[in-house]
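User: I am new to this structure and would like a close look at a single part, the second largest pocket and what surrounds that topic. Please take me through it carefully.

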Amino acid sequence: MLVHCLGVAAGGGYPQWNCACPGCREVRTAPERASAHAGLAVSGTGDRWFLLNATPDVHHQINSDPSLHPGPGARETPVAGVLLTDAEFDHTIGLLVLREGSSLEVFGTAPVLAALTDHFPVRDLVSDYADVRWREVEIGKPVDLDERLQVTAFATGSKPPRYVGHHAGPGDWEIGYVLHDQVSGGTAVYAPSVPSWDEHFAEQVADADCVFVDGTFWTDDEMSRSGTGDRPGRSMGHMPVSGADGSARHLAALPARRKIYVHVNNTNPILDEGSAERAELAALGIEVGRAGLEVEL
């Protein structure tokens, strides 16, 4: 199984267009440190690739990864589909970019596909331009993507997008995926939204060889500390990285060969390679993702 990281930034990218926090100011003077929105590309064979979410940067992410380049035919593309972890704008706007007539499969839970039909009508808009097959995924039910690669969705949270509002009902609004190579036995987990490291989540990552996990905020009060907002991280569906109840402590204890933070907010100091927080993670054997990072399992 081949896993390519296409970006690690949370909503707004890094730097965020309207943000003058210390991190965004610094990265504007060092554009090589900028990051596209969080996303992966995964393949079992190296021929057909599936994107983990379709971000607003998807056009540039595909252009930046030679494995995803079209050819040899004029309109042949190795990008075969998209696995959605939720219905948030930052993970679905890219579907509007992937509309130029190619055949795609888009996977999502029932409430996510409903939101993209009734509230953010991506399904109708995209289907007018491309041959898109919308496939519902069920929690715990494996789906074969190619001859080797199998994915299984698991629930991580129940927070719907704000644009759905009071129309949202209960359901699997936020999910992660267990990616399994049925030939090599390698397993990876992608979970960009983790509100709590509960027993259920612990079971999903316990035996994984590689874990890509939510690294949105260093502290729960990061938004208020940085002057960029007033909502606690947990209220947005993201447990903090640091602290006695943070994800780093749990992540460090896993036997996985690679432990990688993704979906990192522009206010999080771990985006700075020279920060004390980044050094703290490195001492625990934990990485921060970057575009171009490749894992083979």
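Analyst:

**The second largest pocket**

Helix H2, which spans residues 58-64, gives the most to the lining of the second largest pocket, with three residues. Helices here are DSSP runs of H or I with at least four residues and strands are runs of E with at least two, both numbered from the N terminus. The model is a predicted one, in which local features need pLDDT of at least 70 and side-chain atom pairs count only at pLDDT 80 or more, while totals for chains, interfaces and linings use all residues. Residues are numbered from 1 along each chain as its sequence is written, and side-chain values use heavy atoms, with hydrogens and water left out.

About 420 Å³ of space lies in this second largest pocket. Among the 16 residues that line the second largest pocket, those closest to its centre are Ile-62, Thr-77, Leu-98, Glu-100 and Ser-102. A pocket is an open set of points on a 1 Å grid over the protein atoms alone, where a 1.4 Å probe fits and protein lies on both sides within 12 Å along at least five of seven lines, and lining residues have an atom within 4 Å of a point. The volume is the space filled by probe spheres set on the points, which are joined across faces, edges and corners. By class, the lining of the second largest pocket divides into eight nonpolar, four polar and four charged residues; Ala, Val, Leu, Ile, Met, Phe, Trp, Tyr, Cys and Pro count as nonpolar, Asp, Glu, Lys and Arg as charged, and the others, Gly among them, as polar.

The loops on either side of H2 each hold a backbone feature worth describing. In the loop between strand S3 (49-52) and H2 lies Asn-53, which has a positive phi of about 75° although it is not a glycine. Asn-53 is also buried, with a relative accessible area of 3%, where buried means under 20% relative accessible area, exposed over 50% and partly exposed in between, with a 1.4 Å probe and protein chains only. In the loop between H2 and strand S4 (79-83) lies Pro-72, and a cis peptide bond, with omega of about 0°, joins Gly-71 to Pro-72.

For context, the largest pocket holds about 740 Å³ of space. Of the 28 residues lining the largest pocket, Gly-11, Glu-88, Asp-90, Arg-162 and Met-236 are the closest to its centre, and helix H3 (residues 89-92) gives the most to that lining, with three residues.
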